[in-house]
Amino acid sequence: MLKAIRKHKGIRQADLASRLDISQSHLSKLENNSIYKINVNIAMIEKLAVELNICPVAVFLYFLNVQLFCLFNNKRTE
């Protein structure tokens with residue numbers, strides 16, 4: 001999702017990494033979260049949302065990428 005949005009907005013990976021104050025390789029790993037499972041903090045989620053002009057909740061859910069536990073019926077959902 002992040003990579004597709006970045007490309008759609010015409011932002012180079014090196015430029016976004018610079019604006020986020022991270023290395024290009026770290027940004028690459030964030031964009032490929034399903035492979036690398038990088039832990040991110042709220043500050044990084046907020047920075048990504050601001051720089052890509054997208055909802056921070058969407059960024060959070062992108063990184064969540066785990067099974068959720070539903071308190072109402074004690075069953076795991078996807």
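**Exercise 1. State what share of the 78 residues in the protein chain is buried.**

Solution. The model is predicted. Buried here means under 20% relative accessible area. Buried residues make up 28% of the 78 residues.

**Exercise 2. List the elements of the protein chain from the N terminus on.**

Solution. Start with the counts: the chain has six helices and two strands. Then read the order, which is α-α-α-α-α-α-β-β. Now turn to contacts with a separation of 6 or more. Residues 24 or more positions apart account for 47% of these contacts.

**Exercise 3. Decide whether Q13 is buried or exposed, and find its contacts.**

Solution. Place the residue: Q13 lies in helix α2, residues 13-20. Next, take its relative accessible area, 17%. The cut-off for buried is under 20%. Q13 is therefore buried. Now look beyond the neighbours within four places in sequence. There, Q13 touches R6, Q24, L27, S28 and E31. With one of these residues, Q24, there is a polar contact: the two side chains meet at 3.1 Å.

**Exercise 4. Classify the packing of α2 and α5 by angle, and name the residues in contact.**

Solution. Take the geometry. The axes of α2 and α5 cross at roughly 130 degrees and come within 10 Å. Angles of 65 to 115 degrees count as roughly perpendicular, and those over 145 as roughly antiparallel. The angle fits neither class, so α2 is oblique to α5. The crossing is right-handed. Now the residues. From α2 come L16, R19 and L20; from α5 come M44, K47, L48, E51 and L52. Sort them by type: five are nonpolar, none polar and three charged.

**Exercise 5. Do the same for α5 and α6: angle, handedness and residues in contact.**

Solution. Set out the two helices: α5 covers residues 42-52 and α6 covers residues 56-64. They pack at an angle of about 125 degrees, with axes 8 Å apart. Helices α5 and α6 are therefore oblique to each other. Their crossing is right-handed. On the α5 side, I45, L48 and A49 take part; on the α6 side, P56, V59, F60 and F63. Sorted by type, the residues of this contact are seven nonpolar, no polar and no charged.

**Exercise 6. Which residue types make up the contact of α2 with α5, and which that of α5 with α6?**

Solution. Go back to the two sortings. The contact of α2 with α5 includes three charged residues. The contact of α5 with α6 has no charged residues. L48 of α5 is listed in the contact with α2, and L48 is also listed in the contact with α6.

Note on methods
Residues numbered from 1 in each chain as written. Predicted model: local features only at pLDDT ≥ 70, side-chain atom pairs only at ≥ 80, totals over all residues. Heavy atoms only, no water. Helix = DSSP H or I, 4+ residues; strand = E, 2+ residues; numbered from the N terminus. Buried < 20%, exposed > 50% of the residue type's maximum accessible area, 1.4 Å probe, protein only. Polar contact = N/O pair within 3.5 Å; in protein donor to acceptor, adjacent residues only side chain to side chain. Contact = heavy atoms within 4.5 Å. Axes fitted to C-alpha atoms, helices over the stretch in contact; angles between N-to-C directions. Parallel < 35°, antiparallel > 145°, perpendicular 65-115°, else oblique. Left-handed = near helix turned anticlockwise from the far one by under 90°. Nonpolar A, V, L, I, M, F, W, Y, C, P; charged D, E, K, R; others polar.
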